[in-house]
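Q: Please take a close look at one pocket of this model and at what lines it. Then carry on from there to the helix contacts and the rest of the interior.

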Amino acid sequence: MRIGVLTGGGDCPGLNAVIRAAVRKGILHYGDEFIGFMEGWRGVLEDVTMPLNLETTSGILHKGGTILRSSRTNVKKIPGGFEKCVEVLQKHKLDALIALGGDDTQSISLALSERGVKCVGVPKTIDNDLNGTDVCFGFDTAVSIATEAVDRLHSTAEAHNRVIVVEVMGRDAGWIAVTAGIAGGADAILVPEVPIDIDEVCKLVKYRHDHGKKFSIVVVAEGAKLPEGEQATHGTAVDSFGHARLSGIGQALAEEIEKRTKYETRSVNLGHTQRGGTPTAYDRMLATRYGVAAIDLVHAGKFGRLVVLKGTQISDIPIADAIAKNRTVGKDLLDVVKGLQPPV
């Protein structure tokens, strides 16, 4: 079979491992041919490709980013966009297309599937909020980076008797904030699922101060909502999928904490640091399993579906189900956060 591969949306560690696994299994066991589209759906629209074979995918398992590069190109917003995609895919005589990406990328996969394109999806988002799968590759690496940052900030916060607010990624779900916050021993953890209660945050900080701890660490997801119900954004521009650039909740929160408590408070925004660098062993393994499963799904003729992890087993679900809603942090983990905090 001739199979196309693309990586859409934000990059994350593990993308190259998926590409490598799909190509190796496809070539070595099925005799497939592969073509990679550059920069996500933009590469399909503009017919910009690179060969994917054993040579071009050699030595990429441990590398972050993606050899195919990526973009947030929304085919829906381009007049005649879907028709152009179908035309290019037919030009290359492709039997199937494997798309690596989150809900935005997979929404295009679904629309093309409905137009007769044989698509298989692979779940990619460090926010870990794609519905129907327990874990998205890249998440573990992002959490490891965020946890290390929180660990390092403990020592400098304690040295200067400071409160430090750490802003991590998480637009609609607080998986990184909760996981890195608990693992890093943060004193307050704020997520999009629960509106920020600044009074409670300040009470937690004062409690520690009153009980001999003159420093505190607060972890906040970028999408956590201010008391007014709004998210902090960098300007007013939105991307092609209508998403604002979230940034600044950490600084806004730090200023408010300092104003209310009179304790010196600083903020650190980890930003794209969480996306970069070498994937963890867990993410390499998960990404490899997804890549192998994706090519097997192609040869099983199960199109319009997304490979997912359920418990320890790889399976698949309809792409439509995966993007129907975001997977958010549940009460069980939020109760763990509460259980580790003093009642204030």
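A: The account below starts with the pocket and moves outward from there. This is a predicted model, in which local features need pLDDT of at least 70 and side-chain atom pairs count only at pLDDT 80 or more, while totals for chains, interfaces and linings use all residues. Residues are numbered from 1 along each chain as its sequence is written, and side-chain values use heavy atoms, with hydrogens and water left out.

The second largest pocket has a volume of about 280 Å³ (the space filled by probe spheres set on grid points joined across faces, edges and corners). A pocket is an open set of points on a 1 Å grid over the protein atoms alone, with protein on both sides within 12 Å along at least five of seven lines; a cavity is a set where a 1.4 Å probe fits but cannot get out; lining residues have an atom within 4 Å of a point. The pocket is lined by 16 residues, and those closest to its centre are Ile-189, Leu-190, Val-194, Glu-200 and Lys-338. Two or more lining residues come from each of β7 (188-190), α7 (198-210) and α11 (331-339) (DSSP runs numbered from the N terminus: helices H or I of at least four residues, strands E of at least two). Twelve of the lining residues are nonpolar, one is polar and three are charged (nonpolar: Ala, Val, Leu, Ile, Met, Phe, Trp, Tyr, Cys, Pro; charged: Asp, Glu, Lys, Arg; polar: the others, Gly among them).

Helix α11 also packs against helix α6 (residues 175-183), with the axes coming within 11 Å and crossing at roughly 35° (lines fitted to C-alpha atoms over the stretch in contact, with angles from 0 to 180 degrees between N-to-C directions). Trp-175, Val-178 and Ile-182 on the α6 side meet Leu-333, Val-336 and Val-337 on the α11 side (contact: heavy atoms within 4.5 Å). This contact has six nonpolar residues, no polar residues and no charged residues.

Another helix pair is α3 (residues 81-91) and α4 (residues 103-113), which pack at an angle of about 75° with their axes 11 Å apart. That makes α3 roughly perpendicular to α4 (65 to 115 degrees; under 35 is roughly parallel, over 145 roughly antiparallel, the rest oblique). Phe-82, Cys-85 and Val-86 of α3 make the contact with Ile-108, Ala-111 and Leu-112 of α4. Here too the residues divide into six nonpolar, no polar and no charged.

For helix α1 (residues 15-30) and helix α9 (residues 281-299), the axes come within 7 Å and cross at roughly 45°. The two helices are therefore oblique to each other. From α1, the residues in contact are Ala-17, Val-18, Ala-21, Ala-22, Lys-25, Gly-26 and Tyr-30; from α9, they are Arg-284, Ala-287, Thr-288, Gly-291, Val-292, Ile-295, Asp-296 and His-299. By class, the contact of α1 with α9 has eight nonpolar, four polar and three charged residues.

As for enclosed space, the structure holds one cavity of 30 Å³ or more. The largest cavity contains about 30 Å³. Its lining consists of Asn-161, Arg-162, Val-163, Val-205, His-209, Lys-213, Lys-214, Phe-215, Ser-216 and Tyr-263. Four of these residues are nonpolar, three are polar and three are charged.

One loop residue completes the picture. Pro-227 sits in the loop between β8 (216-221) and β9 (233-238). Apart from neighbours within four places in sequence, Pro-227 is in contact with Ile-196 and Ile-198. The C-alpha atoms of Pro-227 and Thr-280 are separated by 36 Å, and the two residues are 53 residues apart along the chain.
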